[in-house]
Structure formats: C-alpha cells, structure tokens
Amino acid sequence: MSTPLILLPGDEVPSNHLPSTKSNPLKLGSGVRLLSQPSTNSAASSHVLTASQAGILTTDAKRNTVSLQSFSNRRYIPTTNDLIIAQIHHSSIDYFHCIVTPHTAQALLGQLSFEGATKKTRPMLNRGDLVYARVSSVGLGAGAEVEITCVNPATGKAEPGGLGPLTGGMVFDISTGFAARLIRASSSSADHGDAIDGLVVLSELGKKLESSGGFEIAVGRNGKVWVDCSAAGDTAIKSTIAIGRCLQSTDDNNLNTTDQKKLVTKVLREMKLSS
Amino acid sequence: MVSAATVAPAAPQSLSLPPPQFARLQPHAYLLAHLSPPVASNQPSARANGRAPSQFRVTSANSGSLTHTNGSGMVRLGDTTAVCGVRAELLHTEDIPSWSVSQSSNANKRRRLADSIKLSGQSGDHEETEAEVEEDRAHIEDLNLLVPNLSLSTGCAPGFLPGAPPAALTQALSHKILSLLHSTRLVRAEDLRVWYQPPNLGPEELERHNDEEHMDVDADEAESKPAEIKAFWVLYIDIMIISLAGNPFDAAWMSVLTALRDTKLPKAWWDVDNETILCSDSIAESRKLSLRGLPIPSSFGVFEADAAAGWRAVVIPDGEKLKAEEKKGTVQKWILADPDGYEEGLSQERACIIVDKEQNGKTVIVSMEKHGGWTVDTEDLRQLVDISARRWDEMKQIMDQC
Amino acid sequence: MVGPTASLSTLNRADGSASYKCPATGYDVLGAVNGPIELPARRDALKPEDATVEVFVKPGNTTAGVGERYVEGILRSVLGKVILGRERGFPRRGVVITLAIVGGDAVERGDSYLTILPALLHTSLLALLSAAVPLSMTFSATLLGVTKSGEIMPDLSAADAKTAVSRHVLAFSSKNHLLLNESEGRFDFNTWEQVRERALSICQELTMPGSDGDVAMGDESDGSKVDGFVRETVEDRLRRDYTWKIDS
C-alpha cells in the first residue's frame with residue numbers, strides 16, 4: 001500500500017478505489033454508508049458511497065469488501081460473529097448478564113450456550129467470571145439487546161476453538177484497534193515468523209517464553225486480552241504480567257517491529273525471565 | 001370522547017380521529033396538512049393554530065402591575081406569559097473591594113469623564129467618546145450592576161415539577177438576557193451612579209490651606225474639585241414565566257424591556273453628616289431610566305416538510321444545490337414566526353433576530369442567531385430581518401401604550 | 001498568521017479526545033467524547049430512535065454556570081444535526097462530549113460566549129472524529145469582528161472582540177451549509193452578508209475536501225491552507241497510528 005486514501009465524514013469514496021470484481025456483491029464495512037443520490041430525471045437514482053468516519057480506506061479484493069479504518073481508541077460496537085471477552089455481572093434463570101464495554105447495556109449469554117451444557121452440566125459462573133464468547137446477534141432497532149454465545153449452535157461445539165469460561169490468567173485492556181490487529185495477526189497464520197500487520201510482539205514472546213512452558217492468549221474485539229501461563233509458581237505470574245505489559249506498551253506507543261523486539265527483550269530482562 | 005362524536009357524526013363507522021387526537025398522534029403530519037392544504041380545497045396555507053407562517057401571536061404588555069418593585073412589566077404572547085420585576089438596591093463604593101485601587105489609578109481619566117458627563121447633560125444627545133463607553137461598560141459589567149434571574153415557575157408547562165433544580169433552559173435564558181443587556185448597553189451606567197459633589201471649600205478651609213504650602217490656591221481649582229461616585233444602583237431583574245406555551249425568550253425579554261422602561265429610581269444623595277446615602281421618598285423627585293434604544297426580539301422555528309429526512313440515506317445536497325432545489329420547490333420548509341409549544345416540538349432549526357430602529361427609521365440588527373439545521377441561509381434571513389423590523393413597529397406601539 | 005494547532009486522541013481512557021489551541025484568542029480546549037453509552041435517566045428519551053447528544057462545558061477556573069448552560073445548548077443543537085444518531089449501536093444511547101477550557105482568558109459572568117465558540121466547536125468535531133462517531137459531514141467555524149470603520153477583521157483576539165462594533169461566529173458544513181450563526185453588536189444586513197462571504201471563504205480553507213480521487217495532497221498544501229487544519233490533523237494522526245500498515 002503506497003499512499004493511503006484518507007477520508008473524512010461526508011467525503012465520497014472514489015469509485016476507482018473500489019474492488020473491481022463484479023462476481024459477488026460489494027460488502028460494506030464500518031465507516032462507509034451507501035447513500036442514494038436523488039436525481040431530478042425520472043426514477044433512475046444513482047448510489048454513492050460516503051464515509052461517515054475519518055479513516056483510511058481499505059479494500060479487500062478477495063472478499064470484495066470496503067471499509068474505513070479509523071482511530072484505534074474508539075469504543076467497541078458489537079457486531080455479529082465478533083469474538084469478545086465478557087465479564088459476568090449477574091445471572092438470572094435463563095441468562096448470564098455480561099459486561100462487554102463499560103457504561104453500555106449488558107449482553108445476554110444463555111445459561112445453556114456452552115459446549116455440552118445441559119440443565120445439569122451447565123457451568124456455574126459467578127459475578128466477575130470471564131467468558132470468551134462470540135456475538136450471536138445484535139438485534140434490530142433501538143435499544144435492542146446484544147446476545148453472545150460460547151457454542152456454535154449448528155455443531156454444538158465451542159467453535160471457533162477456545163470459547164467458554166476463562167479460568168485463571170489475567171485480563172489487560174488494550175485499544176479496540178489493536179485488538180482487531182492482534183486477531184488478524186494471530187488468525188492469518190502463526191507459524192511463519194514475519195510480521196503480520198506489523199506485529200511481531202506475540203511471536204517474539206512465544207519464542208522467548210517457550211522454554212518456560214509457553215502461554216495461552218485470547219483476544220476480545222472489545223479491547224480486552226486474556227493471558228495465562230502454564231508454568232509453575234512465580235514464573236507464571238511474572239510471564240503473564242510481562243506479556244500484558246508488552247502488549248499494552250506496543251499499543252500505547254504504536255511501536256514498529258524493531259521496537260517491539262527491543263521491548264520484549266527489555267521487559268523480560270526487567271522481570272528476570274530471560275535466561 | 002363525547003365531543004368527538006358530536007363533531008363528526010356523519011361518518012361514525014370509518015376510523016376517524018378528532019383533530020386533537022390526530023394532533024397528538026401524528027404531530028408532524030397534522031401541521032403539514034394545515035400548511036399545505038390540497039389545492040382543490042382552496043384554503044390558504046395556515047398553521048394548526050390558525051396563524052399565517054409569519055404571523056405573531058396576539059401580544060399585550062402591561063407595566064407597573066407589581067407595586068412593591070421599582071418597575072415591573074408583564075407581557076403576554078398568546079399563552080406564554082412573563083412577569084418581570086425590577087428591584088433597585090444601593091451598592092456603596094466603599095463596599096467594592098477594588099474600587100479605591102481602580103479609581104486612584106485612573107483618577108485623572110475619571111475627572112475628565114465626570115466633566116464631560118456633566119457637559120453632556122446639557123447638550124443632550126452627543127457622540128459618546130470611547131473612554132466613556134469603556135467606563136460605562138466597566139461599571140455595568142465588572143461591577144455586575146444588572147442581575148437578571150429567570151425562573152420557569154412550577155406548572156407553567158407540564159414538564160416543570162416542583163422542587164426540581166433550574167432546568168438547562170432556565171439557565172440558558174438567564175444568560176441570554178444578561179448577555180443581551182450587556183451587548184446592547186441598554187441601561188446607562190450614568191443612570192445608576194449616585195454622585196457626590198464635595199462642597200466648595202469654605203473660607204476657613206481656604207485659610208487652613210493658606211497655612212500650608214498652597215499659598216497660591218485659587219478659588220477656581222477648589223471649585224472644580226471632582227465629583228465622586230458614592231454608590232451605584234444595582235438592578236435585580238427577576239423574570240418569571242408563569243405560563244409557557246413556546247417562545248419563552250421573546251416574552252421574557254419584552255417583559256424586561258417593559259419593566260426597565262417603567263423603572264423609577266428614587267433621588268439619592270450622599271449625606272455628609274451621617275456619612276451615608278439618603279433617598280427621597282417623593283415620587284416627584286424620582287427619575288426614570290433613560291434606555292438606549294428598544295431592541296425587540298423575534299424568534300422563528302423552521303418546520304421541514306420531510307418528516308423522515310433523518311431516516312433517509314440520501315446524499316445531502318451542498319449549500320448552493322439546496323438553494324436551487326428550494327426554489328424549484330422540491331425541498332419544502334416553512335419558517336414559523338413566534339412558534340408555540342406544539343410547533344417548537346416539531347422544529348429543530350431555530351432563529352432569533354433582535355432588531356432596533358434608529359431615530360431616522362433605519363433598522364439595526366442587534367443580535368442574529370440561528371442554529372440546529374442547515375436550511376436557513378442568506379435569503380431566508382433577509383426576509384426574517386424584514387419581518388422582525390415590522391414586528392418592531394408593532395411592538396413599539398404596544399409598549400408605548402402601556 | 002499562525003493557524004490553530006490540534007492533536008487527536010490525547011486521552012487514553014476516553015473513546016475519543018482532542019486538544020485544540022487557537023493562537024488568536026489564546027483559548028486552549030481539551031475535549032473528550034464517550035459514546036455510544038447508556039444514559040440511565042434517558043431510557044425513554046423524546047426520540048427513541050436517535051442518539052442523545054450531551055455536551056458539558058467546564059470553565060478553567062470555576063464551576064459551570066448559566067453561560068455554560070447556554071453554550072452547551074448551542075453546541076448540542078449544532079452537533080446533534082451532524083451526528084448520525086441512527087447508525088448501528090447508537091439509537092437510544094448517548095454520545096457525551098465534555099469540553100474543558102484549559103487555557104485562555106476566563107469568560108466572565110454575562111460575557112458572550114462568542115469568542116470561544118469556534119474553539120469549542122472545533123474541539124468537539126475533532127474529538128467526535130477521534131471517537132469514530134458517525135457523522136454526516138464535517139464543519140468549521142470562525143469568529144469575525146466588524147470595526148467602527150466597517151472593516152471585517154478575522155483572527156480576533158479577545159480584546160479586539162470587545163472593541164469591535166459587531167461580532168459574528170459562523171459555522172459552515174463541509175458542504176457549505178450555514179450551520180450556525182451567532183451575531184451580536186450593531187450591524188445591518190448588508191454588513192452581515194459581507195461577513196458571511198468572508199467567513200465562508202475562511203471556513204472552506206479549514207475543511208476543503210481533498211481533490212477527488214487524487215491523493216496528491218502534499219502538492220497542494222504547500223504554502224496555502226487549502227487542505228485545512230481539520231483534515232491535516234486527522235491525516236497526521238491516522239498516518240501515525242497506521243505506520244505499520246503504510247510502511248509495509
């Protein structure tokens with residue numbers, strides 16, 4: 001990508017920047033609105049794409065999508081199929097009421113929306129417990145409730161993998177933009193070592209902490225990241241905190257790949273984790 | 001509803017709603033139907049309340065109705081009623097913490113000013129010098145000599161409950177009135193000053209002077225010893241909206257105007273022996289305020305024909321195009337003068353124009369505000385200014401009669 | 001003339017924030033936007049299908065008073081028109097904008113808020129952009145004064161504003177609509193028309209949309225203010241946030 005096209009609200013998306021495949025319909029991501037241009041002559045009104053946020057225009061020719069990438073600190077707005085980390089607020093007969101973002105309505109998680117859950121085997125979650133869940137519906141219209149689930153209703157499995165209660169570990173707050181980046185980076189492919197979306201911090205940490213047993217990580221689109229280490233005793237806590245610190249300062253300071261590597265080395269040395 | 005049955009007995013079977021219910025259920029459609037009647041019906045376009053778009057409600061003003069105040073006024077704008085009382089209290093200059101400092105630093109300026117003010121008293125109308133304007137401003141604004149306070153009384157409209165803190169609207173109106181009092185410089189600081197002219201130096205005092213080094217002091221200088229301000233009148237302007245049916249600002253400001261025009265300040269003087277200020281209780285000796293001009297407000301609300309404009313995902317035409325479309329009539333809107341409560345709920349875009357007229361009849365805009373939308377622009381504002389100027393003539397008559 | 005300076009996303013915890021400094025008036029405003037959030041008392045707001053916009057203005061040296069209530073009302077009506085409150089996730093929720101006046105002369109009791117209004121408007125726009133709240137368009141505002149001799153003065157300082165015969169704040173959308181006009185003083189309509197003309201050209205300089213489809217903005221912005229500071233500030237920040245993407 002050479003020169004990014006930056007749009008402000010109200011700007012038209014120039015048509016020569018749109019993916020040219022005609023086979024399947026164009027999908028609109030966040031920040032782009034389809035407006036009709038009321039034309040004076042007859043009913044043939046044309047359509048125009050305009051930006052509703054400030055951001056960099058990104059297109060995906062393969063999936064035929066167009067969206068705007070805006071500032072990373074923005075609030076998370078639930079979208080179907082997003083993976084999020086939610087915290088149980090309280091439970092009622094049918095649902096767990098979960099906090100997804102501060103100061104917003106609680107999301108509903110069915111008591112039986114877990115892998116293999118029946119009335120007898122459902123997980124007993126208490127206030128403050130964490131779940132890794134998928135947004136199953138956001139409802140329609142004003143004041144609609146967000147529903148989340150930890151199971152794929154079609155297969156009855158916790159798909160994609162890892163959905164369900166998160167036990168142990170620790171949650172760190174990151175910006176929503178960084179969370180999206182982490183998800184993209186980890187989902188693309190973890191094995192080849194080069195930077196995806198300019199992120200090397202996780203692969204670097206993985207390499208360095210391999211000896212002490214590695215770690216588990218879950219990234220929620222709502223700006224939360226959960227980290228747990230399997231190592232025994234103090235090392236587990238130390239590594240968890242080290243990982244959290246690395247992620248947060250990569251996010252806050254917008255570090256490039258070399259700085260990320262430096263940061264990992266520095267933090268691990270400070271925490272006396274590097275051998 | 002019993003009344004409904006009597007109104008429309010002709011078609012009892014069909015689903016028909018009496019007008020008041022229709023107005024509540026579909027306020028936008030109701031007003032739109034009134035403003036754009038079918039061509040066949042041959043009815044003129046009028047608002048739901050029967051007024052033409054640029055017609056104001058019947059206005060009446062009354063002054064001096066509150067007897068315990070220095071001045072009072074009541075203004076009725078249809079069902080919106082505002083009462084205003086002005087109470088004057090004395091503020092001694094010795095009670096002003098920064099007074100002596102600020103006065104000694106510009107004592108010379110003050111002396112010159114005092115002279116020129118005395119002069120101006122004789123010559124009547126004259127161009128004010130910049131220094132005078134500044135002095136006027138400093139006294140009124142920095143010493144807070146005008147204290148308006150507006151309250152929307154409990155029950156003036158359904159939304160006002162007893163014991164609730166002042167609504168944002170109340171506070172905003174109070175501020176608007178105060179800032180308008182300041183920016184129009186309606187009240188003259190001179191009217192609020194209580195002067196004291198130190199007496200001519202008596203012969204014995206002259207002698208005392210002679211004992212000292214001022215051997216060559218002459219009577220002239222003694223005579224021109226500067227007059228000093230001993231106190232100010234502070235005007236507490238309390239406005240109460242006792243009934244609110246839209247357009248509170250116009251009613252409130254005009255009640256302030258009526259009250260200030262009615263305000264009489266008793267003659268006050270510095271009593272040297274008692275070292276205090278005495279006031280005369282004779283009405284004959286009291287004097288009225290001489291206000292600068294008569295700024296009359298006219299408020300407008302914009303009613304857009306397209307109720308679903310906010311829902312429609314269409315390209316918003318830019319400024320010039322919008323004007324062109326309005327001319328063609330594809331985009332329809334009505335600018336409603338003096339909107340009542342019902343119409344205020346249906347208009348987002350508001351405009352308020354305050355005009356005054358000079359002696360020669362030239363219209364001067366004192367304040368012009370519009371916000372909340374993008375449909376009103378130059379051409380509309382020009383028309384609104386003309387309407388406001390006509391409103392000024394009308395209001396001047398009403399105010400002069402009361 | 002020195003243009004205004006601004007930076008985006010200065011606060012970490014708010015969903016969006018901006019700080020804005022206007023050299024002519026000396027005002028320095030810090031704005032934060034949170035939204036969409038649940039407003040507990042407004043579940044049954046007047047317009048359930050729309051977002052509620054709340055504006056809070058905090059003066060630098062005292063508690064908010066009647067003047068702040070007044071200016072909050074104006075800001076709310078201008079911003080409410082620009083914010084797309086019906087977009088997904090926004091209806092029935094609130095967008096809360098908090099503006100703190102960090103630097104500059106205090107606005108005294110009864111003073112008109114005109115001198116600071118453009119700074120407040122710009123700060124809230126930038127903060128809204130930073131929070132990625134959907135907007136239908138951007139806007140810009142300017143303060144103009146008319147002197148005794150009838151001369152129109154841009155870049156008024158607070159002292160100039162006091163001596164001017166009339167003062168005007170105008171805000172234009174990026175599509176050249178007159179969004180806001182606040183005028184006070186003594187003037188006639190012809191003067192105002194000239195003021196409008198002048199204000200429009202200043203505002204266009206502030207928001208001018210980039211030439212369509214062509215990204216060669218660097219060439220145009222040399223020497224002239226064509227690109228405008230709103231776009232520039234946003235672009236700077238986005239470029240900084242997405243260096244990883246742009247460089248790769």
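The paragraphs below lead through a predicted model, beginning with chain C, then turning to the contact between chains A and C, and ending with the two domains of chain B.

Chain C holds 7 helices and 9 strands. Of its 248 residues, 57% count as buried, where burial requires 20 or more other C-beta atoms within 10 Å of a residue's own. The contacts in this chain can also be sorted by sequence separation: among those with a separation of 6 or more, 66% are accounted for by residues 24 or more positions apart.

Strand β1 of chain C, which covers residues 5-8, shows how burial can follow the direction of the side chains, for these alternate along the strand. A6(C) and L8(C) point to one face and are buried, whereas T5(C) and S7(C) point to the other face and are not buried. The partner of this strand is β2 of chain C, residues 16-21, and the two run antiparallel, joined by 4 bridges. Within that pairing, T5(C), one of the residues of β1(C) that are not buried, has K21(C) in β2(C) as its bridge partner.

Helix α6 of chain C, made up of the 14 residues 228-241, allows a simple check of geometry. At 1.5 Å a residue, a helix of this length should span 20 Å, and because its end C-alpha atoms are 20 Å apart, the expected and the computed spans agree. The buried residues in α6(C) include G228(C), F229(C), V230(C) and R231(C), and further along the helix T233(C), V234(C), R237(C), L238(C) and D241(C) are buried as well.

Chain C also meets chain A, in a contact that takes 33 residues from chain A and 44 residues from chain C. On the side of chain A that touches chain C, the residues divide by class into 13 nonpolar, 16 polar and 4 charged.

In chain B, the domain assignment gives domain 1, composed of the segments 59-107, 121-200 and 228-288, and domain 2, residues 298-400. The C-alpha centres of these two domains of chain B lie 31 Å apart, and the contact between them takes 18 residues from domain 1 and 14 residues from domain 2. On the side of domain 1 that touches domain 2, the elements that give two or more residues are β1 (59-63), α7 (168-184) and α11 (248-262) of chain B. Of the elements on this side, α11(B) gives the most, with 6 residues. By class, the same side of domain 1 of chain B has 8 nonpolar, 8 polar and 2 charged residues.

Conventions: Residues numbered from 1 in each chain as written. Chains lettered and ligands numbered in written order. Predicted model: local features only at pLDDT ≥ 70, side-chain atom pairs only at ≥ 80, totals over all residues. Contact = placed C-beta atoms within 7 Å. Nonpolar A, V, L, I, M, F, W, Y, C, P; charged D, E, K, R; others polar. Expected span 1.5 Å × (residues − 1). Buried ≥ 20, exposed ≤ 12 C-beta atoms within 10 Å, placed from the backbone. Domains from an automatic or database assignment. Pairing = 2+ DSSP bridges.
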